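Please work through the following exercises with the coordinates open beside you. Each one sets a task and then gives a solution in steps.

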Amino acid sequence: MFIMENFGSWLLNTLQERNMSQSELARLAGISKGTVSNLINGTTGVGPDSLIAIARALKLPRDLVFEKAGILPPKPELSPIKRKLAHL
């Protein structure tokens, strides 16, 4: 299990941006509402299976959720040239 200090605030902001309740996330992810609440409050850690379920429920890439949870390092910012090449 991993404990994330900033993951809870990121998750809460993500839910607010989507007008999604904690109960709805719990239902879509197949985890308990208490687990979602504990993650947001930072009182518990989360395992990889729960992170995958949250990513699936939010329709986000798994690596992004793992990054926000502090398990994967953040991706480096692309330079303007690389960004333009990636766009092409």
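The exercises below go from the whole chain to single helices and then to single residues.

**Exercise 1. Overall make-up and confidence**

Task: State which secondary structure elements the protein chain contains, and find which element has the lowest and which the highest mean pLDDT.

Solution. Begin by noting that this is a predicted model, in which the protein chain averages a pLDDT of 86 and 89% of the residues score at least 70. Counting elements next gives six helices and zero strands, which run α-α-α-α-α-α from the N terminus on. Comparing the elements by mean pLDDT then places helix H6 (residues 80–87) lowest, at 70, and H2 highest, at 98. As for the surface, 33% of the 88 residues count as buried, and the accessible surface comes to about 5900 Å², with 54% of that area belonging to carbon and sulfur atoms. Finally, among contacts with a separation of 6 or more, 54% join residues 24 or more positions apart.

**Exercise 2. The buried face of H2**

Task: Identify the buried residues of helix H2, and explain why they can be said to line one face of the helix.

Solution. In H2, which spans residues 22–29, the buried residues are Leu 25, Ala 26 and Ala 29. Viewed down the axis of H2, these buried residues fall within an arc of 100°, and therefore they line one face of the helix. The partners against which they pack are helix H1 (7–17), helix H3 (33–41) and helix H4 (48–58). Taking Leu 25 alone, and not counting residues up to four places away in sequence, one finds that Leu 25 touches Leu 11, Leu 15, Met 20, Val 36, Ala 57 and Leu 58. After the helix comes Gly 30, with a positive phi near 75°.

**Exercise 3. H4 and the largest nonpolar core**

Task: Determine which helix gives the most residues to the largest nonpolar core.

Solution. The core holds 23 residues, of which Phe 7, Leu 11, Leu 25, Leu 51, Ile 54, Leu 58 and Val 65 touch the most other members. H1, H2, H3, H4 and H5 each supply at least two residues of this core, but H4 gives the most, with six. Turning to H4 itself, its buried residues are Ser 50, Leu 51, Ala 53, Ile 54, Ala 55, Ala 57 and Leu 58, and they pack against H1, H2, H3 and helix H5 (62–68). H4 is followed by Lys 59, whose phi is also positive, near 55°. As background, nonpolar side chains in soluble globular proteins tend to be buried together.

**Exercise 4. Two single residues**

Task: Decide whether Ile 40 is buried or exposed, do likewise for Ser 21, and describe the surroundings of each residue.

Solution. Ile 40 lies in helix H3, and because its relative accessibility is 14%, under the 20% cut-off, Ile 40 counts as buried. Its C-alpha atom is separated by 3.6 Å from that of Gly 8, although the two residues are 32 residues apart along the chain. Leaving aside neighbours within four places in sequence, Ile 40 is in contact with Gly 8, Ser 9, Leu 11, Leu 12, Leu 15 and Gln 22.

Ser 21, by comparison, lies in the loop between H1 and H2, and at 36% relative accessibility Ser 21 counts as partly exposed. A polar atom of the Ser 21 side chain lies 3.0 Å from the backbone nitrogen of Glu 24. Ser 21 and Lys 33, twelve residues apart in sequence, are 9.7 Å apart from C-alpha to C-alpha.

How values were computed:
Residues are numbered from 1 along each chain as its sequence is written. This is a predicted model: local features need pLDDT of at least 70, side-chain atom pairs count only at pLDDT 80 or more; totals for chains, interfaces and linings use all residues. Side-chain values use heavy atoms; hydrogens and water are left out. Buried means under 20% relative accessible area, exposed over 50%, partly exposed in between (1.4 Å probe, protein chains only). Helices (H or I, at least four residues) and strands (E, at least two) are DSSP runs, numbered from the N terminus. The arc is that of the directions from the helix axis to the C-beta atoms. Contact means heavy atoms within 4.5 Å. pLDDT is the predictor's confidence in each residue, from 0 to 100. A nonpolar core is a set of buried Ala, Val, Leu, Ile, Met, Phe, Trp, Tyr and Cys residues joined through side-chain atoms within 4.5 Å. A polar contact is a pair of N or O atoms within 3.5 Å; within protein, one must be able to donate a hydrogen and the other to accept it, and residues adjacent in sequence count only if both atoms are side-chain atoms. Accessible areas come from the Shrake-Rupley method with a 1.4 Å probe; for residues, only the protein chains shown count as cover.
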